[in-house]
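User: Can we go through this one together? I'd like short answers.

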Number of protein chains: 2
Amino acid sequence: MALIVKKFGGSSVATPEKIFNIVDRVLNEKKENDQIVIVVSAMGDTTDELVSLAKQITSKPYGREMDRLLSTGEQVTIALMAMAFTERGHQAISMTGPQAGIQSSAAYGKARILDVFPERVFSALQAGNIVIVAGFQGIVENGDIATLGRGGSDTTAVALAGAMKADVCEIFTDVEGVYSTDPRIASDAVKLQEITYGEMLEMARLGAGVMQPRAVEMGSRYGVPIHVRSTFSTNQGTIIREEYTVESNKRVITGVADDINAAKVSLVGVENKPGVAATVFKALADKNIDVDMIVQSIRSTDDAVTDIIFTILCDDVPLAREILDKLHETIKMESINIDENMAKVSIVGAGMLGQPGVAAQMFGILGEEGINIEIISTSEISITCLVAENRVKDAVRLIHEKLFLGERG
Amino acid sequence: MALIVKKFGGSSVATPEKIFNIVDRVLNEKKENDQIVIVVSAMGDTTDELVSLAKQITSKPYGREMDRLLSTGEQVTIALMAMAFTERGHQAISMTGPQAGIQSSAAYGKARILDVFPERVFSALQAGNIVIVAGFQGIVENGDIATLGRGGSDTTAVALAGAMKADVCEIFTDVEGVYSTDPRIASDAVKLQEITYGEMLEMARLGAGVMQPRAVEMGSRYGVPIHVRSTFSTNQGTIIREEYTVESNKRVITGVADDINAAKVSLVGVENKPGVAATVFKALADKNIDVDMIVQSIRSTDDAVTDIIFTILCDDVPLAREILDKLHETIKMESINIDENMAKVSIVGAGMLGQPGVAAQMFGILGEEGINIEIISTSEISITCLVAENRVKDAVRLIHEKLFLGERG
């Protein structure tokens, strides 16, 4: 007997027919005494359609009412799926996020799950039901509904699985699992059998899009294994967990990630006095602009000026330019240069700890190919290089081939 | 300062544009310190579309999951309308039925409002909001949502108005108010200024479709005036209340109603022994068949047989025929005749009490025109005659002209 939480996204429940496909699959895979909780998203394009309705009303920012509106999509799916299980002869019951005990912050549109009280889910399972829970939503302390933001249904599933001490949380997706790198860039990418929460988080942060970081964090917090697998096949996918269970799955490098949504900002010849960097980064942070890969280089110790270089998301460039131009009025600097044609290439792997040679190998591979490294940043389990956007795919392919595949061969 | 509850149906909120029309109208009519609560239905054909989705999943009867599904329609409307008020610069907040404190029975699909705890609505009003409440839904004791069945949004509005001791509950509709008879039948029908709850209930029971009886009952229970008025004009409509406030509005006859959904059932030559009638009517009641206008005529005191005649809804004829044929196996009777080409014409008016001449006038008018009366039934404030369906419009026109208009002239 196992307690399993399964999450299906919007495209896999887009029509009544597809809902029946999921229902039949779940019933086929279910062992006799398994307890099954299913977390679902809104059907197909429902959320986009609701957003478009709201845009016909107002251009004001999202808030409480938008969350009320969007949360109806998942309520439709859970009701229909419960009906479909009943139609197939299996007892089932639907629950909204609030009914399943998902308590969230009041940050409408991007609420965080604060706690989960799944008592009602347990009772329904014990009464013999398959329980279908609306993803992407939680209840705020004041009784209002809030949505969890991007990838919210993944987070719901993992949090629920964690709070219920489920044996596994299965995230069904349109790919077969987590790959060593993007298979669209490197056709020799390998599906990983296992990956640790830490590595998965680092992969996600550095551009690998399979799992939302919040869901992985939730898995890490509760220690529940996350099985990323395909909606379209019954193949084993990738298990995200605390530690490797099979020695041979453990490698120096777990994966190679890339992210083309990076712009390099150079503040050249900034007056070198205390507080200048703080002023710059506070102004950007106040407008929610994420800053990464910061380098401050002092030209010489007695020089009165310095260069501050960092990366931001390309999406944030217009706003950042506005803020920096404004700062330029009060902070002396020679020039502000923003280059959007940049990309990050990263290697991730818990095994790199204490293996300093890996960084040198990575820089060497890029150097041999004439790919210039603009900035380097490192974490305990990753190394990232900023390179020209038009060379990043070459960089991914080469690093993957020589470091990931080379290591295995 | 007044506290007003306004209810708008699905066709008046079918598009974002129509929602803005309602919002602008409400803001135009609002006096400075008025407190406004708006109850809305699902947009346009939303409910039908949701039902059609469910039908693609299952043909099983409606239940908890169907109510979950249908209740999303109103949640979409309230969110969009709250956004629209905010867009127009007025503070507004949406509430589901449960949030507005509408507690209902667990009879999914046709739940009854058991109680209303509008504390949250009061707080929101006091904070300066227009409050928009989802009609047609309540919360069951177990925390599930249930829908109220036909006309449910009217019932929500009146119950809320009653519990909040609102000054008036305005029901916006596609007609100008309650008429003395159906204007499509009698072009000289008159819009009533006032009508009592009792008369309105009797009109509804006897075929006048403007207001659902449950909503009128709710108004009567709480003593809240209901103003039935047009979505398309700002004219005064009809006020439904306990007693007439203007002497000249009080008449012997308030209105003439008709109902063509009536079939006459005749059980001819039934063995005349105790318990037979009870057996027949219990069998019909067990299958939820409403029986009306019962006449039992004993041919002569020492006769061994009797005739039992009554009316049912035309919709129930097939089921009734099945039940009666089955009873015929155990109860001796000469024949069972069912005539679906029947209709009821009724006069309603609290003023008829103690005016026995009115009945005679009604029968006289029908007799003069050669319209045969098959059955007569009376209540304290109504007289109903069963006539041939192809003569009922004539009957309505004549009775309305001679008794309603004649009385006024």
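User: How is chain B laid on chain A, by what turn and shift?
Analyst: In this predicted model, a turn of 179 degrees and a shift of 0.1 Å along the axis lay chain B on chain A with an RMSD of 0.3 Å. The fit is by least squares on the C-alpha atoms of residues with pLDDT of at least 70 in both copies. The two copies are thus related as by a two-fold rotation axis.

User: Which residue of chain B comes closest to the rotation axis?
Analyst: B:Thr72, with its C-alpha at 2.6 Å.

User: And what share of the contact residues of chain B recur in chain A?
Analyst: 100%, so the same surface serves both copies; contact means heavy atoms within 4.5 Å.

User: New topic. At what angle do H1 and H3 of chain A pack?
Analyst: About 55 degrees, with the axes of H1 (residues 16-29) and H3 (residues 64-87) 10 Å apart. That makes H1(A) oblique to H3(A), because angles under 35 degrees count as roughly parallel, over 145 as roughly antiparallel, 65 to 115 as roughly perpendicular and the rest as oblique. Helices are DSSP runs of H or I with at least four residues. Axes are lines fitted to C-alpha atoms over the stretch in contact, and angles run from 0 to 180 degrees between N-to-C directions.

User: Which residues make the contact?
Analyst: Among them are A:Ile19, A:Phe20 and A:Val23 of H1(A), and A:Leu80, A:Met81 and A:Phe85 of H3(A).

User: Any notes on numbering and cut-offs?
Analyst: Residues are numbered from 1 along each chain as its sequence is written, and chains are lettered from A in the order in which they are written. Local features need pLDDT of at least 70, side-chain atom pairs count only at pLDDT 80 or more, and totals for chains, interfaces and linings use all residues, while side-chain values use heavy atoms, without hydrogens and water.

Technical notes
Helix = DSSP H or I, 4+ residues; strand = E, 2+ residues; numbered from the N terminus.
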